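Colleague: I am new to this structure and would be grateful for a guided introduction. May I put some questions to you once it is displayed?

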Amino acid sequence: MSVTKTPGGQMNRGRYAELKNILEERRREIMGQVQEKIRDVRTEGANNPNVGVLDAAESSEADIQDDIEFALIQMKAETLHKIEEALRRLDEGSFGYCYECGEEISERRLRALPFAVRCKDCEEARETAQQRDRLMQARRGAASLFIDMQG
């Protein structure tokens, strides 16, 4: 992305407005989805005549569905927090630059993931390192299990 900066380091107004608009539109979209989910959950609970008359299987299924709904709302809330952080970085002038290497994050990446904090290359390197760490931990866990079984 070519974020045009003036010699004083300020992002040009048109680019700032465009990025802010993308973030705010995503925030409005997610807020609407969260509010709709909450309304659906309330309506479903109020209009369900079977409350208190569920057998164990139905109750378990309802609990799983509730857990899924809660997880979805929680994920949306986390995304909202990331958007708020991105808006703060935009106001500070650090938005659109990679935390790791300091290079500009591509416009395509920011359009797809407007709260991205790393460029594609640094994010891929981070994910590869995390995957390697998880694999090493799993191997250590399996090795300690093997040692425990021998003792």
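Colleague: What percentage of the residues of the chain count as buried?

Modeller: Please note that this is a predicted model. A residue counts as buried when its relative accessible area is under 20%. The chain has 151 residues, and the portion of them that counts as buried is 20%.

Colleague: Which pattern does the chain follow along the sequence?

Modeller: The chain holds 4 helices and 0 strands. Read along the sequence, its pattern is therefore written with helix symbols, namely α-α-α-α.

Colleague: Which elements give two or more residues to the negative surface patch?

Modeller: The negative patch on the surface consists of Glu 36, Asp 40, Glu 44, Asp 63, Asp 66 and Asp 67. Two or more of these residues come from each of helix H1 (13–47) and helix H2 (56–92).

Colleague: Is Asp 66 buried, partly exposed or exposed?

Modeller: Asp 66 is found in helix H2. Partly exposed residues lie between the cut-offs of 20% and 50%. Because its relative accessibility is 45%, Asp 66 counts as partly exposed.

Colleague: What accessible area do the residues of the nonpolar surface patch have together?

Modeller: Ile 64, Ile 68, Leu 72 and Met 75 form this patch. One of them, Ile 64, lies in helix H2 and counts as partly exposed because its relative accessibility is 47%. Together, the four residues Ile 64, Ile 68, Leu 72 and Met 75 have an accessible area of about 360 Å².

Technical notes: Residues numbered from 1 in each chain as written. Predicted model: local features only at pLDDT ≥ 70, side-chain atom pairs only at ≥ 80, totals over all residues. Heavy atoms only, no water. Patch = residues over 30% accessible without salt bridge, like charges linked within 9 Å, V, L, I, M, F, W, Y side chains within 5 Å. Areas by Shrake-Rupley, 256 points an atom, 1.4 Å probe, with all protein chains shown as cover. Salt bridge = Lys/Arg side-chain N within 4 Å of Asp/Glu carboxyl O. Lys, Arg positive; Asp, Glu negative; His and termini not counted. Charge placed at Lys NZ, Arg CZ, Asp CG, Glu CD. Buried < 20%, exposed > 50% of the residue type's maximum accessible area, 1.4 Å probe, protein only.
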